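Got the viewer open? Let's take a walk through this one together, a selection at a time.

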Amino acid sequence: MSDDTIRLVTIGRITRRRWRLLTILAVVGALLGYGTSMLFPPRYTTSASVLLPGAWQERELMTQAQIATSSVVVDRAAATLRWPGVSGRQLREQVIATASDGNIINISGTADTPERAQKLSDQVAQQFVSFAARIAGAGADPEAASQPEALRQMVVQTSRRINELADATGPGQSVEGVQTRTELAKLRTALQEAVTKLDQVNPAAGKANMVVMGPAVLPTGEAPPTRLQLIIGGALLFFLVGVIGHLAAARMSRRLRGEAEIAAALGGAVLGSVDVPGEGVVRGAKDGGSRARIRRLLGLDVRWDAPPPQTSGDEAGRQLRYRRVCARLREQLPSTTALLLVVPEGDGVARRAAEQLVAEAGGAPPLRVMEVPVSRPMLPDGDGASGALVVLSAGSWTAGELTGIAGACADAEQEVVGVVLADVVRARPARTAGDPSDDITSASAVDYDTAGRSG
């Protein structure tokens, strides 16, 4: 798993084999989201739009948006609303102004009730329009407002008079006439430039005539994040944390799977692999405490990162594997030599395989099963045995744990004569007598090479 690419099938396997744990995590996340929603009151948001007539550049619109949320505008809105215990500084955190296409400033107000949100947006929009008009001088007297137009008319009349004087000078070739016409042409050009600048200034003055595009709409729903969003978000967050935690644990796992690695850690050769039907196999079944019951309730007693059990042959084929292991033991040791079948504590698959080996050996050689805790492994001294056969399931133990078991065997002067790997398989459904496939299955089991299998 540590070197494999994470695929969707891996996520699916985690969901199938850890659905109880993931469900509990999702429920805890939903409860945490609900508790968070109780701490924060519901919020409502609505917007009021202000139209800015004329031609505006993007930078100018951004400036107007900043003015709409400035302390001057919001403080005036707070003074008009007169909400108890709410200052202008607090309202500034509840008001947002954004510039959109079409020269429109959207002023959004957030409050704890729909009515307050509507009043806040409308009042800030009105104070913004009033403040902008005051800055541009839109509130001046009519005489001051009519002065640019009068100046424009005076410039036009002066330009017309210059043209008349130039025509009256005549097309004379005297030096004085040429100089006079030149000076009049320069004066006419200067007046035309002044008129152009005046026309450019006048639309900018019209920009101050901002309009509030109607009152803000009364909000009908809470502003995000709502209570439902917090509940769903908490459940999804804890579910993802559970999945990511499984993936991280699998990537950091140091459990050995290959036969060569297991044999090197234990210091003995692998004598073969045996099959254990998956029905009723529970890891750690010997531990009947509350911790084991919780693990079984959450589904933690079954590893999720183990590959799916393969379909095995019939009972005769599985027995043949056990007999081959016993035969190899008889070839290495006298049939009267007693051996300890060392099983790591909590490995239910290896425990069942060891019991089956004892039954198939039939006392030749004498075998006795002994479970050893992997945290502090220890074997009895002597005890009438002259060797140890380690039985374990592949992919369940780290190199350090297996090295500790080998060290315990050495301390008890029990030589590790071999290693047997136990694999979980799915038993085939029972077939009727005389089925031709029985002969095919038996032949396949005989020809199968166990030495090349790995956990």
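Start with the whole chain on screen and think about its contacts: of those with a separation of 6 or more, 83% are between residues 24 or more positions apart. Keep in mind as you look around that this is a predicted model.

Stay zoomed out and switch to cartoon view. The protein chain comes to 15 helices and 10 strands. Now try a surface: about 25,600 Å² is exposed, and carbon and sulfur atoms supply 57% of that. As for what's hidden, 37% of the 455 residues are buried.

**Stop one: a sheet.** Select strands E1, E2, E3 and E4. They make an open sheet of 4 strands in the order E2-E3-E1-E4, with antiparallel pairing. Which strands sit at the edges? E2 and E4 do, each pairing on one side only. Strands of a sheet pair through backbone hydrogen bonds, so showing the backbone atoms is a good idea here.

Next, narrow the selection to E1 (44-51) and E3 (104-111). These two run antiparallel to each other and share 8 bridges. For one partnership to click on, pick Tyr44 and then Ala111 in E3, its bridge partner.

**Stop two: the largest nonpolar core.** Which of its 27 residues touch the most other members? Select Val50, Ile107 and Met210 to see them. Then colour the elements that give two or more residues to this core: strands E1, E2 (95-100) and E3, plus helices H3 (58-68), H4 (71-81) and H6 (114-136). H6 gives the largest share, with 7 residues. In soluble globular proteins, nonpolar side chains tend to be buried together.

Click on Met210 and show what surrounds it. Leaving out residues up to four places away in sequence, Met210 touches Val50, Leu51, Leu52, Pro53, Trp56, Gln64, Phe128, Val129 and Ala132. Apart from this core lies another, of 23 residues; select Leu266, Ala385, Ala388 and Val419, which are among them.

**Last stop: the surface.** Go back to the surface view and select Leu51, Val211 and Met213. Together they form a nonpolar patch with about 240 Å² of accessible area. You've already met Leu51, one of the residues that Met210 touches. Val211 belongs to strand E4 (residues 211-212), which is one of the edge strands of the sheet. Why does Val211 count as partly exposed? Because its relative accessibility is 44%, and partly exposed covers the range between under 20% for buried and over 50% for exposed.

Definitions and conventions:
Residues are numbered from 1 along each chain as its sequence is written. This is a predicted model: local features need pLDDT of at least 70, side-chain atom pairs count only at pLDDT 80 or more; totals for chains, interfaces and linings use all residues. Side-chain values use heavy atoms; hydrogens and water are left out. Patches are made of residues with over 30% relative accessible area and no salt bridge: like charges are joined within 9 Å, nonpolar side chains (Val, Leu, Ile, Met, Phe, Trp, Tyr) within 5 Å. Accessible areas come from the Shrake-Rupley method with a 1.4 Å probe; for residues, only the protein chains shown count as cover. A salt bridge is a side-chain nitrogen of Lys or Arg within 4 Å of a carboxyl oxygen of Asp or Glu. Buried means under 20% relative accessible area, exposed over 50%, partly exposed in between (1.4 Å probe, protein chains only). A nonpolar core is a set of buried Ala, Val, Leu, Ile, Met, Phe, Trp, Tyr and Cys residues joined through side-chain atoms within 4.5 Å. Contact means heavy atoms within 4.5 Å. Two strands pair if DSSP finds at least two bridges between them.
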